[in-house]
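Visitor: Could you take me through a single part of this model at close range? I'd enjoy an unhurried look at one strand and its neighbours.

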Amino acid sequence: MARGDTVMRIPARKTDLDGNAVFGFTCNQCLNCCHHKKIQVNPYEIARIAETLGITTTECIALYTTGNGSYLKFREDATCPFLDTRGCTIHAVRPLVCRLYPLSRHVSDTGHEWFSELQPQKNCTGIYLGQGSIRTYINEQNAEAYMQAADCYLNMLWKMMAMLENLVADVEEQPHGQHPDDAIGVHTEYSNWMDMDVVVDRYCQIRQTAFPDDIDEKMRMHLDALYFWINNA
């Protein structure tokens, strides 16, 4: 799967589209797309949601996500945890997957970007338009900052995976009987790396700097902390 793939497993009716491809969609708020999904989130999106709810990212992860902060935790009736009778209660800070729907964005390892147009959700009352462009739609959904954040975390995740592969290789080269922790070292500070507040707070303590209020600055420090950990693993 290419970097940047969304996790909403809906068949695509068109793919290999660039930002200039003709596309338009009018949402009529039928809310059908808010059911039976697996919505992936990243630390930036969690931080935006947490700020809106007036809670910490630690609390947001515990209350509203699964997979250690990787996916929204849908209710037992398969509805989004932020859906009520009025619609999306966090619409202004909704995740990128939700912003792009009914589009899916893909980014290759070389940075090549393309889009897919998804099949309509069953009973969807939204209207597909034969005008506009994908880039215009993205701008209308205020998705650019979310796309940039997603790319930053995906690039970091790939570096983290490469680091772990190197650590595993180092362990395999150790003399028989040596405990893996002796070879790798235990990096407890960033074991919960998805939790932006925890990681940034720890990083600020180490650097003796003030904890930032601005989320964009917090994200920058979060990434700095994670790269610091990766480079010193």
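Guide: Gladly; let's begin at strand β1 (residues 12–17), which pairs with β8 in the antiparallel sense over 3 bridges. Strands here are DSSP runs of E with at least two residues, numbered from the N terminus, and two strands pair if DSSP finds at least two bridges between them. One contact to look for is Lys14, whose bridge partner in β8 is Glu117.

Before we go further, a word on the model: it is predicted, so local features need pLDDT of at least 70 and side-chain atom pairs count only at pLDDT 80 or more, while totals for chains, interfaces and linings use all residues. Residues are numbered from 1 along each chain as its sequence is written, and side-chain values use heavy atoms, with hydrogens and water left out.

Now to β8 itself, which covers residues 113–118. Because 5 of its 6 residues are buried, β8 is largely enclosed by the rest of the structure; buried means under 20% relative accessible area, with a 1.4 Å probe and protein chains only.

β8 also pairs with strand β7 (residues 103–107): the two run antiparallel and are joined by 5 bridges. Here Val107 stands opposite Glu113 in β8. If you follow the chain between these strands, you will find that β7 and β8 form a hairpin with 5 residues between them. In that turn, Gly111 has a positive phi of about 95 degrees. To sum up, β8 has antiparallel pairings with β1 and with β7.

Notes. Buried < 20%, exposed > 50% of the residue type's maximum accessible area, 1.4 Å probe, protein only. Helix = DSSP H or I, 4+ residues; strand = E, 2+ residues; numbered from the N terminus.
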